[in-house]
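Colleague: I would like to go through this model with you and ask, step by step, what stands behind the words we use for it.

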Amino acid sequence: MLPKPAAVPILFPEGKAFVRASGAPIDFDAVAKALGVAGHGSDLESRLAARFARPVAVRAFADRVEATAAALKALGVREGGVCVVSALADPETLAGVAAAGLKAWLVDVDPFSAMFETGHLRARLPDAPGALEAIVPAAAHGRAPDMRAWAAFRAETGLPILIDAAGAFDVVIEAPVPVLVGLPGGEGVFVACEDAATINDIDAQAFAGEDGLAAWPGLRQRLCGTAQQLRVLLLDSGVGFQPGWGMSWISPTCALSLPTDDAGAVAWKLQGAGVQASCAVRDRSLAADDTPTADHLAASTVVITLDPNLDIEALDRLCDALRDAVG
């Protein structure tokens, strides 16, 4: 268990008082950055850091796209270079890569995890369409990637790596490389890393608002219960779930594998029934390697946002809508 952050008193010479220079404006951003360097993070950032298995530096930001771009710039990437990205990356991830001045190159994923596999990536890097500047592995719908494997891959290749785990708040507890995670309140993100220098160099708007940390334990319990009910109700539907979802980890994002490759039609029917649903859509203007696995997963996976407060009747209606859409 990590020690709790301790407040350090500010001492003044005997008989001296602290006096603010008259008329001197305070640069609050500079003060916050200086305090962060000295180990005095905000209360939110201290609570986030306490979730990790090893000491990390943490900063919370208002916007995911801006934070992604700023984190890549803090890693020293050069504009115009190539950034390796999962072929199943979210539009926000791709927008952040573009905002950093990098060109995304989409590479295929593992069929089981729906994420990058370092062995495959190692073989493909020589075929990148330009000078490589960074790698952004994307967590699949809230499932955490292997952080230590990516730290080893960074040491092997020398390339900056930023893990995009926006939906993986439940399971990200280590950060040997920088990792971006969404706050459980539904807005804002934070970036964590064992290397404090990288975190302190990120220049993006700080998060302000409801972070959702206090409510997360109760929300997590309700989500896990709802997930188990959903599994039972869909036992004979032909619909599958991500490995471990609702059992070893949970996310409000529920990725469902379909028995057919018509995720777009299923998502459209679910939306018509009032269910918040989506599927992956490839931007064909982006450079891409051969991605047969990612193409199949995109065509056969529909994503819904799970409301943890659904009662059994509402869950029945959701499952009926899903069965109708699949059928």
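**Reasons behind the labels**

Modeller: Let us start with Arg122, which is called partly exposed because its relative accessible area is 39%, and partly exposed is the label between under 20% for buried and over 50% for exposed. Please keep in mind that this is a predicted model.

Colleague: What makes the pair Glu156 and Arg122 a salt bridge?

Modeller: The rule asks for a side-chain nitrogen of Lys or Arg within 4 Å of a carboxyl oxygen of Asp or Glu, and the side chains of Arg122 and Glu156 meet at 2.7 Å, N to O, so the pair satisfies the rule. Because Glu156 belongs to helix H6 (residues 147-157) and Arg122 to helix H5 (residues 118-124), the pair ties together parts that are 34 residues apart in sequence. Glu156 is partly exposed, with 46% relative accessibility. By this rule the count comes to 15 salt bridges.

Colleague: Why can such side chains pair?

Modeller: Side chains of opposite charge can pair when their charged atoms come close.

Colleague: How do you know that Arg148 forms a salt bridge with Glu194?

Modeller: The closest N and O atoms of Arg148 and Glu194 are 2.9 Å apart, and the limit is 4 Å. Arg148 lies in helix H6, whereas Glu194 lies in the loop between strand E7 (189-193) and helix H7 (196-200), so this pair ties together parts that are 46 residues apart in sequence. Arg148 has 35% relative accessibility and counts as partly exposed, and Glu194, at 28%, counts as partly exposed too. Arg148 and Glu194 also belong to a network of salt bridges that links them with Arg54 and Glu174.

Colleague: Why is Asp236 called exposed, and why is Arg323 called partly exposed?

Modeller: Asp236 is at 64% relative accessibility, and exposed means over 50%, so Asp236 earns the label exposed. Arg323 is at 32% and therefore counts as partly exposed. The side chains of Asp236 and Arg323 meet in a salt bridge of 2.9 Å, N to O. This pair links distant parts of the chain, with Asp236 in the loop between helix H8 (216-233) and strand E8 (240-241) and Arg323 in helix H11, 87 residues apart.

Colleague: Is Asp164 buried or exposed, and how do you know?

Modeller: Asp164 counts as buried, because its relative accessibility is 4% and the label requires under 20%. Asp164 is found in strand E5 (residues 163-165). Leaving aside neighbours within four places in sequence, Asp164 is in contact with Arg64, Thr93, Val136, Pro137, Ala138, Ala139 and Leu180.

Colleague: What makes Val266 a buried residue?

Modeller: Val266, in helix H9 (residues 263-272), has a relative accessible area of 1%, and therefore it is buried. Beyond its neighbours within four places in sequence, Val266 is in contact with Leu258, Val302, Leu322, Ala325 and Val326. The C-alpha atoms of Val266 and Val302 are separated by 7.3 Å, although the two residues are 36 residues apart along the chain.

Colleague: Which residues form the negative surface patch, and why can Asp311 belong to it?

Modeller: The patch is formed by Asp311, Glu313, Asp316, Asp320 and Asp324. A member needs over 30% relative accessible area, and Asp311, at 43%, counts as partly exposed, so Asp311 passes that cut-off. Asp311 sits in the loop between strand E12 (301-305) and helix H11 (312-326).

Definitions and conventions:
Residues are numbered from 1 along each chain as its sequence is written. This is a predicted model: local features need pLDDT of at least 70, side-chain atom pairs count only at pLDDT 80 or more; totals for chains, interfaces and linings use all residues. Side-chain values use heavy atoms; hydrogens and water are left out. Patches are made of residues with over 30% relative accessible area and no salt bridge: like charges are joined within 9 Å, nonpolar side chains (Val, Leu, Ile, Met, Phe, Trp, Tyr) within 5 Å. Accessible areas come from the Shrake-Rupley method with a 1.4 Å probe; for residues, only the protein chains shown count as cover. Lys and Arg count as positive and Asp and Glu as negative; His and the chain ends are not counted. The place of a charge is taken as NZ of Lys, CZ of Arg, CG of Asp or CD of Glu. Helices (H or I, at least four residues) and strands (E, at least two) are DSSP runs, numbered from the N terminus. Buried means under 20% relative accessible area, exposed over 50%, partly exposed in between (1.4 Å probe, protein chains only). Contact means heavy atoms within 4.5 Å.
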